[in-house]
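Here is a short tour for anyone opening this model for the first time. Have a look at the sequence and the fold, then read on.

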Amino acid sequence: MKSKTSALNPQPSTPGAQPTAKGQYEKPPELYDGLRLHQNENTGGCSPRVIEALARLRPDQISFYPPYTAVTNDCAGYFGVSPDSVVLVNGLDEGIMAVSVAYLRTAGSRLVPEAIIPEPAFEIFHFDTAVAGGRVVSVPPKKDFRFAEADVLAAITSETRVVFLTNPNNPTGVPVPFEAIRTIAGAVPKEAVVFVDEAYAEFAGRSFIPELPSFPNVIVGRTFSKAYGLAALRIGALVGAPAVLDPVRYAIPVYSVNIAAAVALQAALADTDYLRDYLRQVKESKQLLYAACDRLGLTYWPSDANFVLVRIGDRIGEVIDGARERGVYLRNRSTEPGCEGCLRIATGLVEHTQRGIDVIEEVLCGAA
Ligand SMILES: Cc1ncc(COP(=O)(O)O)c(C=O)c1O
């Protein structure tokens, strides 16, 4: 009997699938009793308007299948596109899985669809490619994490079906130049899509969405887990030309977004002060962290996101463990290509970033 395949336990058992270099998906441990700086969440909590909207939910709204027109319209307005260019998803993770299923499924053909993934990358791209039966074509990182445009172009073949890009990238925070996205979109086979994951676009202050009318083979993925602080409600969106989204719509369960997430998103989008304040704090936090790294002689990569990748070096394990003992969770990214000895730290609320800096400094410098 074949082993069961799921998003949490992907086994590349689909005919034609190749094992990925990454093995099985390891979900981060459930750590909720300290300061969570390891998953790029908004550690300040969501907007109070979201809580009010959830409290206003009526029993009938919960007993009926959810309507999506109003929230889709609001979301389309936020992105500046028409509603038929938006697909709401149960977290961007679901959107990535749906894109993988839509474009990387082998579906009885002998061809093995290929997904190009420039490294280091959001690890889910690997697992979802394997689940769909596709083959990962990894593009190694440049020394300074500059986008490897020429290498991505060289990796394109007649079997390429998805190019996964993240802008700004996770875990580096480094941007992908729009010109590179345009060139890649022009170079892939006609059956392929370029997926631009913009989970952190609010922090960068730019998006490829306005360019979509000229690039009908590009799908942009967005999440409301990060800047809007809705991670536990699970809501994101895919944006693209209706035709490129059609196969993806088929791969998403009809009512995958629940009513709580839908009303929460409408309330969150309406609270522009909340977003403005968080973005301001993220900016200030990054400056604090950069200054600390300069003081401590640590290499870091200036980030367009709400986190920063920092090279600790040989003492990485000590810093991660020492921070955890002090109640602060940091993400060890050492096993990612090009990230040896590196941790990733969320730089959101200033007081939380300061606490993260303090514990790193305490562990490295031995202060109490
Ligand atoms: C690049 C990237 N894409 C997608 C996601 C997942 O977003 P969501 O919480 O909406 O599933 C994350 C979350 O960490 C991410 O970093």
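Before we start, one bit of vocabulary: contact here means that heavy atoms lie within 4.5 Å. Buried, in turn, means under 20% relative accessible area, while exposed means over 50%. Keep in mind that this is a predicted model.

Let's begin with helix 3, which spans residues 69-79. Which of its residues are buried? They are Val 71, Thr 72, Cys 75, Ala 76 and Phe 79. These residues sit on the same side of helix 3 because they cover an arc of only 135 degrees around the axis. As a general point, an α-helix has 3.6 residues a turn, so residues three or four places apart point the same way. Turn to the other side of helix 3 and you'll find Thr 69 and Gly 77, which are exposed. And what covers the buried residues of helix 3? The cover includes strand 2 (86-89), strand 7 (218-223), strand 8 (236-239) and helix 10 (259-270). Just after helix 3 comes Gly 80, with a positive phi of about 70 degrees.

Strand 7, one of those covering elements, deserves its own stop. Six of its six residues are buried. Both of its faces are covered: one side holds Val 218, Val 220 and Arg 222, and the other holds Ile 219, Gly 221 and Thr 223. Strand 7 also has pairing partners. With strand 6 (residues 193-197) it pairs in the parallel sense, over four bridges, and Val 194 stands opposite Val 218 there. With strand 8 the sense is antiparallel, again over four bridges. In that pairing, Val 220 has Val 239 of strand 8 as its bridge partner.

Thr 223 from strand 7 turns up again at the ligand. There are 14 residues around the ligand, and those that come nearest are Leu 92, Asp 197, Tyr 200, Thr 223 and Ser 225. Here are some polar contacts with an oxygen atom of the ligand:

| Residue | Polar atom belongs to | Distance to a ligand oxygen atom |
|---|---|---|
| Leu 92 | backbone | 2.6 Å |
| Tyr 200 | side chain | 2.7 Å |
| Ser 225 | side chain | 2.6 Å |

Now for a residue on the outside. Is Ala 243 of helix 9 (residues 242-250) buried or exposed? Ala 243 counts as exposed because its relative accessible area is 60%, and the cut-off is over 50%. Along the sequence, Ala 243 and Ser 85 are 158 residues apart, yet in space the C-alpha to C-alpha distance is 8.9 Å.

Further along the chain there is an open sheet of four strands, in the order 9-10-13-12, with antiparallel pairing. Its edge strands are strand 9 (299-300) and strand 12 (331-332), each of which pairs on one side only. Strand 12 is joined to strand 13 (residues 342-346) by two bridges, and the two run antiparallel. Arg 331 has Arg 344 in strand 13 as its bridge partner.

Two helices lie across strands of this sheet. Helix 11 (residues 272-296) lies across strand 9, strand 10 (307-311) and strand 13, and runs at about 5 degrees to strand 10. Helix 12 (residues 316-325) lies across strand 12 and strand 13, running at about 30 degrees to strand 13.

Technical notes
Residues are numbered from 1 along each chain as its sequence is written. This is a predicted model: local features need pLDDT of at least 70, side-chain atom pairs count only at pLDDT 80 or more; totals for chains, interfaces and linings use all residues. Side-chain values use heavy atoms; hydrogens and water are left out. Two strands pair if DSSP finds at least two bridges between them. Axes are lines fitted to C-alpha atoms, for helices over the stretch in contact, and angles run from 0 to 180 degrees between N-to-C directions. Buried means under 20% relative accessible area, exposed over 50%, partly exposed in between (1.4 Å probe, protein chains only). The arc is that of the directions from the helix axis to the C-beta atoms. A residue is near a molecule or strand if one of its heavy atoms lies within 4 Å of it. A polar contact is a pair of N or O atoms within 3.5 Å; within protein, one must be able to donate a hydrogen and the other to accept it, and residues adjacent in sequence count only if both atoms are side-chain atoms.
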